[in-house]
Amino acid sequence: MTSVTEVAPDLFRLCTWIPEADLQFCQFLVRDDEPLLYHTGMKGLFPLVRDAVAQVLDPKTVRWIGFSHFEDDECGSLREWQELAPQATPVCSFVGKVVSVDGYAALRPARAMEDGEVLLTGKHRFRLLRTPHLPHCWEASLLFEETQRTLFCSDLVHQGGEHEAVTSADVTGRVAKTLREYEAGPFASYVPWTAKTRPMLERLVALEPRTLAIMHGSTVTGDGARTLRDVTSVMEEILGPR
Ligand SMILES: [Fe+2]
Ligand SMILES: [Fe+2]
């Protein structure tokens, strides 16, 4: 089952718990003149995500499909969404568009955005932030919705396990536990730590987000800068050079 929670006005978290992976997979739907879905979820999740979207608005009206990087849980059902919704257009970094998305996944070409460029969907303003290799992959980017100060975090602040839809509690312990477990197994090197990683994270801190829309785990509300600062410290400790 996929749960649907309005975590902020017109921001809906669609969440599917997959016990075999010990992970929640969340997509975010922003209701606006031009609805935007951030992450499609894996190809196999398409019927569930489509039906969850239908609880909020007509899935055929989805206009924009945003995602961070080219992976199944980020954009695996892009084609299915474009078959269903005639106007649906992927929105991603330039590298994402030319290296993977237009060639492999999209029925119609993506809108590539430069770092700092803004997409208007009606009431909302989505600014694209290029974040190469953060959380991972060359083409990685994130979106920051400026009117509500929502940062679409993709795999950042990843919390393994099953958690509440939304929290304002400190989730740093969950993030640290997950990173340590990943480092000890086949998912090691989940997030590469380079000389560019901390400055990119500090740029996100400076946005002072009010809502962190996280793919795996609870959505975090409140002092997003503090959460991101604490998570940066944890990441550096676990993933950084030693
Ligand atoms: Fe990822
Ligand atoms: Fe992910």
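Colleague: Let's start with V99: how exposed is the residue, as a relative accessible area?

Modeller: Keep in mind that this is a predicted model. V99 sits in helix α4, which covers residues 94-105. Partly exposed means between the 20% and 50% cut-offs, and V99 lands in that class with a relative accessible area of 37%.

Colleague: Which residues make the nonpolar surface patch of about 410 Å²?

Modeller: A residue needs over 30% relative accessible area to count towards a patch, and V99 has 37%. So V99 clears that bar. The full set making the patch is F94, V98, V99 and W138.

Colleague: On to charges. How many salt bridges does the structure hold?

Modeller: A pair counts when a side-chain nitrogen of Lys or Arg is within 4 Å of a carboxyl oxygen of Asp or Glu. R111 and E117 are one such pair, at 3.3 Å from N to O. For the structure, the count is 15.

Colleague: K123 forms a salt bridge with D10, but how many residues apart in sequence are the parts that the pair ties together?

Modeller: The closest N and O atoms of K123 and D10 are 2.7 Å apart. K123 lies in the loop between β8 (118-120) and β9 (125-130), while D10 lies in the loop between β1 (2-8) and β2 (11-18), so the parts tied together are separated in sequence by 113 residues.

Colleague: And of K123 and D10, which one counts as buried?

Modeller: Exposed means over 50% and buried means under 20%. K123 has a relative accessible area of 54%, so K123 is exposed. With 14% relative accessibility, the buried partner is D10.

Colleague: Which residues are linked with D10 and K123 in a network of salt bridges?

Modeller: We already have the K123 and D10 bridge, at 2.7 Å between the closest N and O atoms. The network takes in that pair and also E6 and R31.

Colleague: What about R111 and E117: buried, partly exposed or exposed?

Modeller: Their side chains meet in a salt bridge. R111 has 28% relative accessibility and E117 has 26%. Both values fall between 20% and 50%, so the class for R111 and E117 is partly exposed.

Colleague: Last one: how far apart along the chain are R203 and D115?

Modeller: R203 forms a salt bridge with D115, with 3.0 Å between the closest N and O atoms. R203 belongs to helix α6 (residues 197-206) and D115 to the loop between β7 (111-113) and β8, so the pair links distant parts of the chain. Their separation is 88 residues.

How values were computed
Residues are numbered from 1 along each chain as its sequence is written. Chains are lettered from A and ligands numbered from 1 in the order in which they are written. This is a predicted model: local features need pLDDT of at least 70, side-chain atom pairs count only at pLDDT 80 or more; totals for chains, interfaces and linings use all residues. Side-chain values use heavy atoms; hydrogens and water are left out. Patches are made of residues with over 30% relative accessible area and no salt bridge: like charges are joined within 9 Å, nonpolar side chains (Val, Leu, Ile, Met, Phe, Trp, Tyr) within 5 Å. Accessible areas come from the Shrake-Rupley method with a 1.4 Å probe; for residues, only the protein chains shown count as cover. Helices (H or I, at least four residues) and strands (E, at least two) are DSSP runs, numbered from the N terminus. Buried means under 20% relative accessible area, exposed over 50%, partly exposed in between (1.4 Å probe, protein chains only).
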